[in-house]
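Please follow the explanation below with the sequence and the model side by side, so that each residue can be located as it is named.

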Amino acid sequence: MDLNQIQQAIANLPEAEYKQLTEWITEHDFARWDKQIEQDLESGRLDPLLKELKQEIREGRTTLL
């Protein structure tokens, strides 16, 4: 099944099934994003941002939640 066929199938879903699909896609997307963030943290890729954030907190330019 190619992308066009998938899009056609989605367009023809009954409303209840479309809603279920969009909820699943949203959850799936968030899970993928969480995994990417974890990988970026473990690899040190986010270290410059964390350093910048800590500096802004020390300087009082941000507030803790």
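The paragraphs that follow take up a helix, the salt bridges and a nonpolar surface patch. The model is a predicted one, and what is said here should be read with that in mind.

A convenient place to begin is helix α2, which covers residues 15-43. At 1.5 Å a residue, its 29 residues should span 42 Å, and the end C-alpha atoms of α2 are indeed 42 Å apart, so the expected and the computed values agree. After α2 comes Gly-44, a residue whose phi is positive, near 90°.

The salt bridges come next, and the count for the model is 4. One of them joins Glu-23 to Lys-19, with 3.7 Å between the closest N and O atoms, a distance that falls within the 4 Å cut-off for a salt bridge. Why might these two side chains be able to meet? An α-helix has 3.6 residues a turn, so residues three or four places apart point the same way. Glu-23 and Lys-19 are 4 residues apart in helix α2, and therefore about one helical turn separates them. Glu-23 itself is partly exposed, its relative accessible area being 40%.

A further salt bridge links Asp-40 with Arg-45, where the closest N and O atoms lie 3.6 Å apart. Are the partners in this pair buried or exposed? Asp-40 has a relative accessibility of 12% and so counts as buried, because the limit for that class is under 20%. Arg-45, by contrast, has a relative accessible area of 59% and is exposed.

Arg-61 and Glu-59 form another salt bridge, with their closest N and O atoms 2.8 Å apart. Arg-61 counts as exposed at 53% relative accessibility, while Glu-59, with a relative accessible area of 43%, is partly exposed. This pair belongs to a network, in which salt bridges that share partners join Glu-56, Glu-59 and Arg-61.

The last feature to consider is nonpolar. Which residues make the nonpolar surface patch of about 440 Å²? The patch is made by Leu-41, Leu-50, Leu-53, Ile-57 and Leu-64, and helix α3, which covers residues 47-58, gives the most to it, with 3 residues. Leu-41, for its part, lies in helix α2, and its relative accessibility of 43% makes it partly exposed. Leu-41 can therefore count towards a patch, because patches take residues with over 30% relative accessible area and no salt bridge.

Definitions and conventions
Residues are numbered from 1 along each chain as its sequence is written. This is a predicted model: local features need pLDDT of at least 70, side-chain atom pairs count only at pLDDT 80 or more; totals for chains, interfaces and linings use all residues. Side-chain values use heavy atoms; hydrogens and water are left out. A salt bridge is a side-chain nitrogen of Lys or Arg within 4 Å of a carboxyl oxygen of Asp or Glu. Helices (H or I, at least four residues) and strands (E, at least two) are DSSP runs, numbered from the N terminus. Buried means under 20% relative accessible area, exposed over 50%, partly exposed in between (1.4 Å probe, protein chains only). The expected span of a helix is 1.5 Å times one less than its number of residues. Patches are made of residues with over 30% relative accessible area and no salt bridge: like charges are joined within 9 Å, nonpolar side chains (Val, Leu, Ile, Met, Phe, Trp, Tyr) within 5 Å. Accessible areas come from the Shrake-Rupley method with a 1.4 Å probe; for residues, only the protein chains shown count as cover.
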